[in-house]
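Hi there,

Here is the structure I promised to pass on to you. Have a look through it first, and then read my notes below.

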Amino acid sequence: MTGVFVRKIAPMNLADFYYLRKASGAMKNPRTRFNDELFVEMGEDYLLQYLAKNVGTVDESRRKFIKGMMWGIGALAAGSVLDAFRGLQIPLIGAKSFVKMQLVDSTGSPVKASAIPVNNPVITLYEYPLQNEINFLLNLGDANGNPVSIPPSDVKVPLTGAVYKFPGGVGANKSIVSYSAICQHLGCEPPEIHLYPPDEMKTNMPPPAFLPTAALEAAKAANLPAVIHCDCHGSTYDPYHGASVLTGPTQRPLPAMVLEWDSGTDHLYVLDAVGVPVYGHINTLIGGEPVSGTSTEVSGTINPFPS
Ligand code: FES
């Protein structure tokens with residue numbers, strides 16, 4: 001059965017919208033691939049089980065919403081579900097402009113640049129400028145764990161040929177950078193996409209620590225001690241040069257968040273973004289609730305290489 005005929009979509013709030021966006025990403029992820037045959041066989045029961053297992057709790061109101069959405073899909077086929085999720089309109093909400101925000105920890109205390117571990121294997125994220133836009137905070141080093149000064153560089157967008165300026169690193173060693181943590185290929189998020197620090201530049205690890213030979217060879221050819229790699233389909237980014245594209249399938253670099261360092265206090269601020277829009281957004285400022293206040297919280301999530 002082909003095509004999607006949406007007769008009616010249940011009322012959608014922002015939480016439902018983000019839930020379905022996450023579902024769309026999970027369906028495309030080879031590790032959590034949606035089983036078309038089971039869906040055709042079991043219909044919405046399979047969909048609800050799949051969502052509960054791979055995306056998150058399906059409470060009563062979400063169950064109603066999803067059932068309403070399923071009712072609205074004229075052609076009951078797996079492709080139609082994905083198409084319907086894709087066709088959801090991003091609510092046209094967002095921020096009017098980029099606002100300078102301080103990076104703080106979970107207690108609200110300012111993050112100190114000198115306290116960020118070099119080559120930190122723990123995925124460290126914060127939201128900016130919207131709540132559904134997560135970003136890596138990285139202190140880049142060499143193979144011996146010494147911080148590496150990151151100069152400004154020109155970053156090319158392979159898809160369009162456009163070039164933009166990445167402003168370089170900040171902090172006492174100019175080694176701290178920040179990039180969107182949403183893959184520019186199809187939107188996979190950590191832990192699938194993360195930094196592979198020098199100690200972890202090796203192959204034959206299970207996902208989400210799997211670094212294919214092509215990524216390793218590209219890193220070696222470019223003389224890079226570390227890369228950002230996405231396990232979903234193999235995109236690799238160069239964190240030392242503005243998260244430019246090292247290996248596809250992505251055709252777009254990760255957008256960079258512009259940081260500012262106060263040398264007197266050692267505090268860090270984020271104030272802008274450069275490059276292409278964050279994945280899934282027509283503009284980095286549109287498509288989600290803005291982070292409110294004057295600070296944004298930085299938190300370490302997981303180490304994909306448990307020791
Ligand atoms: S989503 Fe496909 S490589 Fe990241």
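A good place to start is a hairpin: strands S11 and S12 form one with four residues between them, and Asp266 in the turn has a positive phi of about 70°. Before going on, please keep in mind that this is a predicted model, where local features need pLDDT of at least 70, side-chain atom pairs count only at pLDDT 80 or more, and totals for chains, interfaces and linings use all residues. Residues are numbered from 1 along each chain as its sequence is written.

A word on terms: helices (H or I, at least four residues) and strands (E, at least two) are DSSP runs, numbered from the N terminus. Two strands pair if DSSP finds at least two bridges between them.

Back to the hairpin. S11 (residues 256-262) runs antiparallel to S12, and seven bridges join the two; one pairs Asp262 with His267 in S12. S12 (residues 267-274) is also joined to S1 (residues 101-104), again antiparallel, by two bridges. There, Met101 stands opposite Val270.

Next, the helices. In H3 (residues 44-54), Leu47, Tyr50 and Leu51 are buried (20 or more other C-beta atoms within 10 Å of the residue's own, against 12 or fewer for exposed and partly exposed in between, with C-beta atoms placed from the backbone). Seen down the axis of H3, these buried residues fall within an arc of 95°, so they line one face of the helix; the arc is that of the directions from the helix axis to the C-beta atoms. Asp45 and Lys53 are exposed, on the face turned away from the buried side. After H3 comes Gly56, with a positive phi near 155°.

Now find Ile66, which sits in helix H4 (residues 60-72). Is Ile66 buried or exposed? It counts as buried, because it has 21 C-beta neighbours inside 10 Å. Leaving aside neighbours within four places in sequence, Ile66 is in contact (C-beta atoms, placed from the backbone, within 7 Å) with Leu47, Leu48 and Val58.

Finally, look for an open sheet of four antiparallel strands in the order S7-S8-S9-S10. S7 (193-196) and S10 (244-247) stand at the edges with a single partner strand each, so one side of each is left without a neighbour in the sheet. Three bridges link S9 (residues 236-238) to S10, and Thr236 has Thr247 in S10 as its bridge partner.

Enjoy exploring!

Terms used:
Two residues are in contact if their C-beta atoms, placed from the backbone, lie within 7 Å.
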